[in-house]
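Work through the exercises below with the sequence and the model open. Try each task before you read its solution.

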Amino acid sequence: MQQTKIKIDLPPTFPDHTELPDEDGTFVKNFQEHPQSILLTDSIGPILQQRHPDGHYAIGQDSGIYWRETDPPEKGAEAPDWFYVPNVPPLLNGEFRRSYCLWREYIAPLVALEFASGDGTEELDKTPLSVSQDAQIIRPGKFWVYERIIKISYYGVYIITTGQLEMYHLENGSYYQMSPNERGHYFIEPLGIELGIWQGSYQNQTLSWLRWWDSEGNLLLTGAERVEVEKARSDRFANIAEQAHQQVEQERQRAEQAHQQVEQERQRAEQARQQAEQSELARRNAIPQLLATGMSVEQIAQILSLTVEEVRKISG
């Protein structure tokens, strides 16, 4: 019996990050987005290095997360302004990541943040993926994609115009809005840190910024801030050492002055002793001369403030 071979055309494999677009042609919506992402990444670095000593984590900044295959491809991606994925290598085959393909790595980001220039409607859109009556695919909202498909554990929407931050935590497949703690921060339990609003100046912009804090409420510093703190600490120690040196020098000078005073007193005492000896010697030498003039012992004793016995003893 002759077998008939049937040729089956298999669908192509899902593309990887090198085969997908790494931009969608849209502009960054405001000048705060870029420094805001850098601020978050810079300050959380030491925490992630402790958590991942092997360096296996990735941070995306306005980078695409591909969650379904579409035509054109970029319609199947969402690009959070900032996100962190644990336990994945930072490079793929020695190349920088151009995007994050969920179907290739299967690990969802732990944290994703959106910096909303508007009122947050786009970032909080819960529209599900569906097909319209005329067979057109209705693009799902970001909130729905992050919650139902990508399943990001912690999702935050920062509304820049109002300085308002809304945080959501994925529990049993659904997002629940988080409540801030007594410091007004949101605790990211797997990392042991908090996220909140900080008023201050960064990269020549004095604004409200998203910042990280540790679980005790200490601000996580950027590299530049850590350098400044270390410099201030070094300057403080240098000032303390200089003050101690000055105190030692002052004590040395006081001791030197005291020594000089003692030496001066000794010299004055020595001068007084010498003067007394010279005076005594002068009186002794005067006695024979006065006796030679015919003065009596009594008269000489009175003149020289001596006793008669002393005059007789010296003359004798």
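**Exercise 1. Decide whether Glu 225 is buried or exposed, then find its surroundings.**

Step 1. Take the cut-offs: buried means under 20% relative accessible area, exposed over 50%, partly exposed in between (1.4 Å probe, protein chains only). Glu 225 has 17% relative accessibility, so it counts as buried. The model is predicted: local features need pLDDT of at least 70, side-chain atom pairs count only at pLDDT 80 or more, and totals for chains, interfaces and linings use all residues. Residues are numbered from 1 along each chain as its sequence is written, and side-chain values use heavy atoms, with hydrogens and water left out.

Step 2. Place the residue. Glu 225 lies in helix α4. Helices (H or I, at least four residues) and strands (E, at least two) are DSSP runs, numbered from the N terminus.

Step 3. List the contacts, meaning heavy atoms within 4.5 Å. Leaving aside neighbours within four places in sequence, Glu 225 touches Trp 198, Arg 211 and Leu 220.

Step 4. Look at the side chain of Glu 225. One of its polar atoms lies 2.8 Å from the backbone nitrogen of Thr 222.

Step 5. Turn to two of the contact residues. The charged end of Arg 211 sits over the ring of Trp 198, 4.5 Å from the ring centre. The rule asks for NZ of Lys or CZ of Arg within 6 Å of the ring centre and within 35 degrees of the ring normal.

**Exercise 2. Check the span of helix α4 and locate its kink.**

Step 1. The expected span is 1.5 Å times one less than the number of residues. Helix α4 covers residues 223–292, which is 70 residues, so 104 Å is expected. The end C-alpha atoms are 102 Å apart, which agrees.

Step 2. Find the bend, the angle between axes fitted to the seven residues ending at a position and the seven starting there. α4 has a kink of about 25° at Ala 286, shortly before Pro 288.

Step 3. Name the buried residues of α4: Glu 225, Ala 286, Ile 287 and Leu 290. Their cover includes β15 (193–202), β16 (205–214), α5 (297–303) and α6 (308–315).

**Exercise 3. Do the same for helix α1.**

Step 1. The 19 residues of α1 (33–51) should span 27 Å. The ends are 26 Å apart by their C-alpha atoms, which agrees.

Step 2. A kink of about 50° sits at Gly 45, shortly before Pro 46.

Step 3. Buried residues of α1 include Leu 39, Leu 40 and Ile 44. Among the strands that cover the buried residues are β15 and β16.

**Exercise 4. Classify the ring pair of Phe 143 and Tyr 155.**

Step 1. Rings of Phe, Tyr and Trp (its six-membered ring) pair if their centres lie within 6.5 Å; planes under 30 degrees apart are stacked, over 60 edge-to-face and the rest tilted. This rule gives 10 aromatic pairs.

Step 2. The centres of Phe 143 and Tyr 155 are 6.0 Å apart and the planes stand at 65°, so the pair is edge-to-face.

Step 3. Phe 143 lies in helix α3 (residues 142–150) and Tyr 155 in strand β11 (residues 154–159), so the pair ties together parts 12 residues apart in sequence. Both residues, Phe 143 and Tyr 155, are buried.

Step 4. Widen the view. Phe 143, Tyr 146, Tyr 155, Tyr 168 and Tyr 175 form one aromatic cluster. Lys 126 lies over the face of Phe 143, 4.9 Å from the ring centre.

Note on methods. A polar contact is a pair of N or O atoms within 3.5 Å; within protein, one must be able to donate a hydrogen and the other to accept it, and residues adjacent in sequence count only if both atoms are side-chain atoms.
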